[in-house]
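Visitor: Could you walk me through this protein step by step, explaining the terms as they come up?

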Amino acid sequence: MTLRFGQSCPTCGRRIEVRLELLGRSVACPHCHAEFIASERQTPQPSSDEALMDRVERALRRSGAVVPVK
Ligand SMILES: [Zn+2]
């Protein structure tokens, strides 16, 4: 049994499967042949609440209403 994880190619956006043993290593997309580092969390899917808060926070930062502490 070969463990695999799915991710989207950062270049062409197609869904590809990468063998788990290649995690963190340079791989080539089978569709567009672009090379990238295999990363299981490259395209995180935050919950809708988190995504909303993230958008609000970014908007506030852009407006200058929030100053990052660090
Ligand atoms: Zn690709």
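Visitor: How much of the accessible area that the protein exposes do carbon and sulfur atoms supply?
Guide: This is a predicted model, in which local features need pLDDT of at least 70 and side-chain atom pairs count only at pLDDT 80 or more, while totals for chains, interfaces and linings use all residues. Residues are numbered from 1 along each chain as its sequence is written, and side-chain values use heavy atoms, with hydrogens and water left out. Accessible areas come from the Shrake-Rupley method with a 1.4 Å probe, and for residues only the protein chains shown count as cover. The protein exposes about 5,800 Å², and the share supplied by carbon and sulfur atoms is 51%.

Visitor: In what pattern do the helix and strands follow one another along the sequence?
Guide: Helices (H or I, at least four residues) and strands (E, at least two) are DSSP runs, numbered from the N terminus. The protein has 1 helix and 4 strands, and reading along the sequence gives the pattern β-β-β-β-α.

Visitor: Which residues are the protein donors of the zinc ion?
Guide: Donors are N, O and S atoms within 2.8 Å of the metal (3.2 Å for Na, K and Ca), and since water is not among the atoms, sites may look incomplete. In sequence the donor residues here are spaced C-x2-C-x16-C-x2-C. Their SG atoms lie 2.3 Å from the zinc ion, and the residues are C9, C12, C29 and C32.

Visitor: Which parts of the chain do C12 and C32 tie together?
Guide: Both C12 and C32 are partly exposed, with a relative accessible area of 30%; buried means under 20%, exposed over 50%, and partly exposed in between (1.4 Å probe, protein chains only). As zinc donors, the two residues tie together parts that are 20 residues apart in sequence, because C12 lies in the loop between β1 (4-8) and β2 (15-19) and C32 in the loop between β3 (26-28) and β4 (35-37).

Visitor: Is H31 buried, partly exposed or exposed?
Guide: H31 has its place in the loop between β3 and β4. Leaving aside residues up to four places away in sequence, H31 touches C12, R14, R15 and I16, where contact means heavy atoms within 4.5 Å. At 39% relative accessibility, H31 counts as partly exposed.

Visitor: What relative accessibility does M1 have?
Guide: M1 is found in the segment before β1. M1 counts as exposed, because its relative accessibility is 95%.
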